[in-house]
Amino acid sequence: MEQLTVNASRVYDIFIGHGVRDLLSEKLSALFGKVKVCLVCDSNVAPLHAKEALSALEANGFSVENYIFPAGEQSKSPDTLFSLLEFLAEKQFSRKDVLVALGGGVTGDLTGLASALFMRGMHLVQMPTSLLAMVDSSVGGKTAVNLKAGKNLAGVFCQPELVLCDLDYLSTLPQKDFADGMAEVIKYGVIADSALFDLVKDGDVQKNLEEIVTACVRIKRDVVAQDEFDTGERAKLNFGHTLAHAIEKKSGFAVSHGAAVAMGMVAVCAIADANGLSDALTLPAVKAAVEANGLSVTSPFSLPTLYEASIGDKKRSGNTLTLVLPNEIGRCYLKTVSLDAWKELLATWT
Ligand SMILES: NC(=O)c1ccc[n+]([C@@H]2O[C@H](COP(=O)([O-])OP(=O)(O)OC[C@H]3O[C@@H](n4cnc5c(N)ncnc54)[C@H](O)[C@@H]3O)[C@@H](O)[C@H]2O)c1
């Protein structure tokens, strides 16, 4: 088992390993005492994993409720958020109680935002069950729901107080969703860690999962400690994401986040390559790693047609957009371009 500590506006521990779910009751007692727990899950995760968690909590003297919402990105919405808040009010939760997000990134983002909003803030624990949530969304405190205009447009920064990352949950994760998580893993390798990239580039990852997840979380932890509120360095974690969010939005969320990140990373590497903005080996290496991990390298939309959707992204500021470009595998830089220059860069795609 690995233990990492995040030093942000809240200081909290992340436990990574097989069986760390068994720590839940003990850690909740130590952090909050015998509070009331609302376990939030989607409709796929609930039948697989909720009962075990609820029984363990009840056996340890916690009073529990379970809020279940329909699985999928469409649920990361103001409607589901307010339905969860109404549930908490109806069940008479208070500020000293705790929300536990047991699920993927959708569950984590939604629950995190609800924890910040309900009575102006209640306790939050993240228990990620998808690879993507383990390596990315459960750590760092970005919470949000989507608006009609785009992804993650209504949210707050709200760090959890504990993250329990039990790798055993991955045994029930469908292969396609596992591949989605690998897109974010490849991202960390490209932007910050060539050794991690080498470890995952052939797609043979099962035997090194604890090492891989820990390496990703360590990078995220360090970036968050340096730039919690995303005013500089943290933007590097958005490598591939401007185009990914545009692809997700234009597809009506039929393309999943991880799949879109894979396409977005390849596309931005292709743009960098075509314009002499990265080293010549990066594009083929990223493409090969994406394919080896069961992800598509091809956006269903031509890049010039993604311009409108891409400028609705949060990375836009006035008439400029900040791009994350790889120098080489393991190193990246930020480049702010005008919207006109961005349009021209998209047009260089073939
Ligand atoms: N907050 C952040 O910093 C951050 C970072 C990256 C991504 N995100 C967000 O995360 C979301 C994507 O996360 P995701 O890919 O986990 O999506 P998700 O939560 O929809 O999970 C993907 C699918 O896997 C299922 N699932 C999850 N765990 C399972 C398990 N153990 N067994 C069986 N099925 C399981 C879910 O039910 C769902 O069908 C997006 O909304 C994205 O914007 C947030």
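This is a short chat about how certain labels are earned in this structure.

User: Before we start, what kind of model is this, and how are residues numbered?

Analyst: It's a predicted model, where local features need pLDDT of at least 70, side-chain atom pairs count only at pLDDT 80 or more, and totals for chains, interfaces and linings use all residues. Residues are numbered from 1 along each chain as its sequence is written, and side-chain values use heavy atoms, with hydrogens and water left out.

User: Why is Asp-136 called buried?

Analyst: Asp-136 has a relative accessible area of 9%. Buried means under 20%, exposed means over 50%, and partly exposed is in between (1.4 Å probe, protein chains only). With 9%, Asp-136 therefore counts as buried.

User: Where is Asp-136, and what is it in contact with?

Analyst: Asp-136 is found in helix α5, residues 131-137. Helices here are DSSP runs of H or I with at least four residues, strands are runs of E with at least two, and both are numbered from the N terminus. Leaving aside neighbours within four places in sequence, Asp-136 is in contact with Glu-184, Lys-187, Tyr-188 and Lys-220. Contact means heavy atoms within 4.5 Å.

User: What makes Gly-103 buried?

Analyst: Its relative accessibility is 3%, so Gly-103 falls under the 20% limit. Gly-103 sits in strand β5, residues 98-103. Setting aside neighbours within four places in sequence, Gly-103 has contacts including Val-45, Met-127 and Ala-133. Gly-103 and Gln-126 are 23 residues apart in sequence and 8.4 Å apart in space, C-alpha to C-alpha.

User: How do you know whether Ser-310 is buried or exposed?

Analyst: Ser-310 comes out at 0% relative accessibility, so it's buried. This serine lies in helix α12. Not counting residues up to four places away in sequence, Ser-310 touches Thr-242, Ala-246, Leu-321, Trp-342 and Leu-346.

User: And what makes Pro-304 partly exposed?

Analyst: Pro-304 has a relative accessible area of 38%, which means it lands between the 20% and 50% limits. Pro-304 lies in the loop between α11 (282-292) and α12 (307-310). Leaving out neighbours within four places in sequence, the contacts of Pro-304 are Leu-346, Ala-347 and Trp-349. Pro-304 and Thr-348 are 44 residues apart in sequence, with 8.6 Å between their C-alpha atoms.

User: Why does Lys-287 count as partly exposed?

Analyst: The relative accessible area of Lys-287 is 36%, so the partly exposed label fits. Lys-287 is in helix α11. Its contacts, leaving aside neighbours within four places in sequence, are Val-266 and Val-297.

User: What is there to say about phi at Asp-230 and Phe-253?

Analyst: Phi of Asp-230 is near 60 degrees, a positive value in a residue other than glycine. Phi of Phe-253 is near 70 degrees, again positive in a residue other than glycine. Asp-230 lies in the loop between α8 (209-226) and α9, while Phe-253 is found in the loop between α9 and α10. Asp-230 is also partly exposed, because its relative accessibility is 27%.

User: What makes something a cavity, and how many does the search find?

Analyst: On a 1 Å grid over the protein atoms alone, a cavity is a set of points where a 1.4 Å probe fits but cannot get out, and lining residues have an atom within 4 Å of a point. Grid points are joined across faces, edges and corners, and a volume is the space filled by probe spheres set on the points. The search of the whole structure finds two cavities of 30 Å³ or more. The second largest cavity holds about 70 Å³ of space.

User: Which residues line the second largest cavity?

Analyst: Among them are Phe-239, His-241, Val-268 and Thr-322. The elements that give two or more residues to this lining are α9 (241-250), α10 (257-274) and β11 (320-328).

User: How do you know which polar atoms of the protein pair with the ligand?

Analyst: A polar contact is a pair of N or O atoms within 3.5 Å; within protein, one must be able to donate a hydrogen and the other to accept it, and residues adjacent in sequence count only if both atoms are side-chain atoms. An oxygen atom of the ligand is 3.0 Å from an N or O atom in the side chain of Asn-44, and a polar side-chain atom of Lys-76 lies 2.9 Å from a ligand oxygen. A polar backbone atom of Val-106 is 3.0 Å from an oxygen atom of the ligand.

Methods:
On a 1 Å grid over the protein atoms alone, a cavity is a set of points where a 1.4 Å probe fits but cannot get out, and a pocket is an open set with protein on both sides within 12 Å along at least five of seven lines; lining residues have an atom within 4 Å of a point.
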